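Please follow the walk-through below with the sequence and the coordinates side by side. It goes from the contact between two chains to a helix, and then to some details of the backbone.

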Amino acid sequence: MKLFSEELKVINIGLESFRETLKKNDVKSAHVKFRPPLHVKPQFLLKIREMVSKTEKANKKALDIIMKARPVLTDMDKAINVIPGMKKNLILHAGPPVVWDKMCGPMRGAVIGALILEGFARNEKEASGLACSGKIEFAPCHEHNAVGPMAGIISASMPVFIVKNETSGNFVYATQNEGLGKVLRYGAFSGEVIERLKWMENVLYPVLRKAIEFSGGIDLKSIIAQALHMGDEVHNRNRAATSLFYRAVAPAIVRTAQDSGTAASVLEFINKNDHFFLNLSMALSKASLEPVGNIKNSSIVTVMARNGTEFGIKVSGTGSKWFTGPAPVPDALFFAGFSKEDANPDIGDSAITETNGLGGFAIASSPAIVQFVGGKASDALEYTLKMYEITAGENNAYQIPSLDFRGVPAGIDLIKVVEKGILPFIDTGVAHKKPGIGQVGAGVVSAPSEPFVKAFESLVKILC
Amino acid sequence: MIKTIVKKGAYFDSVTLMNLAKDLRKIQGVDDAAVVMATPENKSILKSSGLYDAETLAAASDNDLVIALKTKTNSGAETAAKKAEELLKPKSSSHDMGVFKSGQAGHSIRAFDSLEAALNAFQGANIALISVAGKYAGALALKCLYNNLNLMIFSDNVPLETEIQLKKTALKKGILAMGPDCGTAIINGTPLGFANSVRRGGIGIAAASGTGLQEVSCLLNNMGFGISQAIGTGSRDVKKEVGAVTMIQGLKALANDPDTLVIVIISKPPHPDVLKKIAGEIKKIKKPVVSVFLGGELKIPDKKNFYNVPTLEKAAMNAAVLCDAEKASAAKQNLYNAVSGIEKIAQKALENKTAKQKFIRGLFSGGTFASETQIILKDFISPVWSNAPIVDKWKLKNPLNLKGHSVVDLGADEFTQGRPHPMIDYSLRNSLIISESKKKEVSVILLDVVLGYGANMNPLDDILPAIKTAFKNNPGLSIITSVTGTETDPQVCSKVVQGLEKTGVIVMPSNAAACRLAGTIARGRRIISARDYEIILRGIKSH
């Protein structure tokens, strides 16, 4: 027996006291903190062990495609003109499919706002009546090559960014970010909200479109790579990325805007909104993941999205099928006057950033927001380190300085999530559960286990 | 009132939680407390102990932690809840920057989040010690095998078909799968799991019994001998379905190991087909082999240098003689002297007893000791009742309702559901020591005290109060025990022996010796007969 002639090196999994014995006897050892797997049939866990060589090969291929993605902001247009399948009476929303009856407060509020914006209704009552009349259709952004933060509402007339993945040639669409406070994406639909949306359509959009055209496209990957070195994780913190974007477009805006007053108003708007870049970070993530949406045998998670009622995921090897479970209420820091009682369950397509290895997965890059995760920089490091456990690899295009420039954990591997019982960690904003109030806090949330359990069982059946 | 707290996704191992519950029960105003993961099994335990709160627990599942408290007052519940939170907080969050990137570990403080992370950081790892809940152990062990790690699986309750799959895979890869349900092993001199600190030497052990392995290795150590390797196979290895895969693999490994001069096999009686397989393997071995199948027998007529013996003590003695006869003679002499002392001790004990005091009550933490005790006692007295009887008709109907001469294995499944093993937690046995001492017919309480890594670290503090109460209840009572341990064990054997003796406990050098003394007393004769001597000496005579 080879073991008898070797130095004993022990991996201890389970009782910590056994490791203490080893330490006392000067035996080299490492301790693994055991977490039970997610609640799936035990024979499935044994079965998948025999299949992992296949899945790992497929995942490697998928990860390669994700890492080679080169998303560029190429243009802008009205949703109706560019989003595939977009119609006047279609409203796109965040997360997995949901009907009006099941929509949460903030999503209903945002739908009401969109119907008023489109001129289909004059007030809340008319809009609600129309929304449940059957004349309005609803569909997830994710099913139309689009993504939207929080309620994620996109209606026909809204202008959208067009992001092209130059490597794979696919396009993704996302709206312009409205800023914080009372905004449509948090379910607010008062006069000022609609007015701002009108201004974004009539002033912001044409100016930005011309500037983007003038600049010949803006490389989003390079902005994010730099922003991670400047304290962003590009989900809950976008201050650096927004500043870099500002530097990229400002000269072009000044050169192409019809007058200096218009140019200044647009630049002021971007400057005042630390989250302006969020929608672009989401579009980049979606554009990077879209090409691996359906790879045989791959267990890479391609979508994580919430509609405020349910949390849904898609997995490469199971293609376009959604796997869903109830959306959890985030742990958050609340604005003065609000508490967890007011919080809506998790909402938004923005978890696409985590799916792409950013956001919560890269929180070690963002010491400025560690108060969301316990207050210490080391807490943030722990969260990112844990996410390496459930990813297929590391994306070296996006590096984390505090981890000696290690690439972000990228390509969530469903099998690892289930086997290790470690759920993806997501940074998130929190909406008030009633429509019309808006954001009440920001914080973090772990993905619920149910969608992963369902997806795993489905994948095992396909594989075996 | 019942207060229930559910913490979603907070996993702790059961040993941590049982200790925590023990601490919570000590808080004033707390009548009962349970801290468990919300598995279906644990939920039914909560139900049966009246701690189940259907409303709170409906949505809780395997990965959620439940703190259930039964208290008289609201404030008691609050205090206990606060204490629980405090105890559950991680002790330290120290960081070891060296493991952020792949590289070297080995003495790192940081616990790894996964096997992969540990493998990545800890180059050359060659064995995994798995002690997670049984239902998770199988898939984890399989992953270890695919990574070419030898295995010691301490976990029990692993499905039998999973054990077979694991052992076959290991065999194919030429690596060792000790367990599931392997409590003890000593590899390259390192104690793994529940094991004692013994010196290295020429005797190799393959054992399907953890306590048996501990007793034999300690007896050998205390006679001046050492262990080359001690391979645990797990208790089910000798079942028909498993076919002694690990036992045979272990025997081959010991036969080929240049440091092993003598081989000892320890097991409860294997399935007859399996015993044949083991015999076949023994025939191939050129080194001397000693086997003890507690309650079973093995004859291999034309095999030289093979000795099947009835007790653990004799197995140790034979192995010692075979290893170095000269060195063993001193140990043999000591044992002879101890035996001649038995008469005096027994006589003295009998002087204080009433006419009614007749019976032995054996309360064992080691299952193999419970077997060995019955085997030895049957030469003195009969019947001996047990929850794990060697004769089926002597099964105790209720393992807590002892009658006549009884021997109870407190490590049996019926006692270990939801509480730590009796080698760690003495509370159940302590209450039995006290309740049995009150019975007029009880003459001898026979115990085992197992030391070593993994066992109770403060055995005297935990057992002496119960023993003192027992002597107070019953001044004529004899309490007899052996202490399985060595001087280099963390508890230090001689200290424990002294502490017990000071309190009036009779400590014998082996469980077999303790049984013979108990048997002699139970026979109740004031003068030991020639036949008694013969029986006693038969136990220690070598070949």
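**Where the chains meet**

In this predicted model, strand β1 of chain A, residues 9-13, pairs with β4(B) in the parallel sense, and four bridges join the two strands. Within this pairing, Ile11(A) has Ala128(B) of β4(B) standing opposite. The strand pair can be set beside the contact of the two chains as a whole, in which 41 residues of chain A are in contact with 53 residues of chain B. On the side of chain B that touches chain A, at least two residues each come from α5 (115-121), β4 (127-130), α6 (134-146) and β8 (190-193) of chain B, and α6(B) gives the most, with seven residues. Sorted by class, this side of chain B has 27 nonpolar residues, 19 polar residues and seven charged residues.

**Chain A: domains and helix α7**

Chain A is divided into three domains: domain 1 covers 2-34, domain 2 is made up of 49-66 + 290-463, and domain 3 covers 70-283. Taken over C-alpha atoms, the centres of domain 1 of chain A and domain 2 of chain A are separated by 33 Å.

What end-to-end distance should helix α7 of chain A, residues 191-215, have? The helix has 25 residues, and at 1.5 Å a residue they should span 36 Å; the C-alpha atoms at its ends are 34 Å apart, which agrees with that expectation. The helix α7(A) also bends, by about 40°, at Met200(A), and Met200(A) is one of the buried residues of this helix. The others in that buried set are Val193(A), Leu197(A), Leu204(A), Tyr205(A), Val207(A), Leu208(A), Ala211(A) and Ile212(A). Their cover includes the strands β3 (71-78), β7 (159-165) and β9 (218-219) of chain A, together with the helices α5 (105-117), α9 (239-256) and α10 (260-272) of chain A. After α7(A) comes Gly216(A), with a positive phi near 75°.

**Positive phi outside glycine**

A positive phi also occurs at Met150(A), a residue other than glycine, where the value is near 50°. Met150(A) lies in the loop between β6 (146-147) and β7 of chain A. Is this residue buried or exposed? Met150(A) counts as buried because 29 other C-beta atoms lie within 10 Å, where 20 or more are needed.

In chain B, Asn188(B) likewise is a residue other than glycine with a positive phi, near 50°, and its place is the loop between β7 and β8 of chain B. Asn188(B) has 18 other C-beta atoms within 10 Å and is therefore partly exposed.

**Further details in chain B**

Two cis peptide bonds can be located in the loops of chain B. One runs from Gly179(B) to Pro180(B), with omega near 10°, and Pro180(B) is found in the loop between β6 (177-178) and β7 (184-187) of chain B. Another joins Ser382(B) and Pro383(B), with omega about -5°; Pro383(B) belongs to the loop between α13 (367-377) and β15 (384-386) of chain B.

Finally, Lys168(B) is part of helix α7 of chain B, residues 160-173, and it counts as partly exposed because it has 14 C-beta neighbours inside 10 Å. Lys168(B) and Val242(B) are 74 residues apart in sequence, while their C-alpha atoms are 9.3 Å apart in space.

Notes:
Residues numbered from 1 in each chain as written. Chains lettered and ligands numbered in written order. Predicted model: local features only at pLDDT ≥ 70, side-chain atom pairs only at ≥ 80, totals over all residues. Domains from an automatic or database assignment. Contact = placed C-beta atoms within 7 Å. Nonpolar A, V, L, I, M, F, W, Y, C, P; charged D, E, K, R; others polar. Pairing = 2+ DSSP bridges. Expected span 1.5 Å × (residues − 1). Bend = angle between axes of the 7 residues up to and from the residue. Buried ≥ 20, exposed ≤ 12 C-beta atoms within 10 Å, placed from the backbone.
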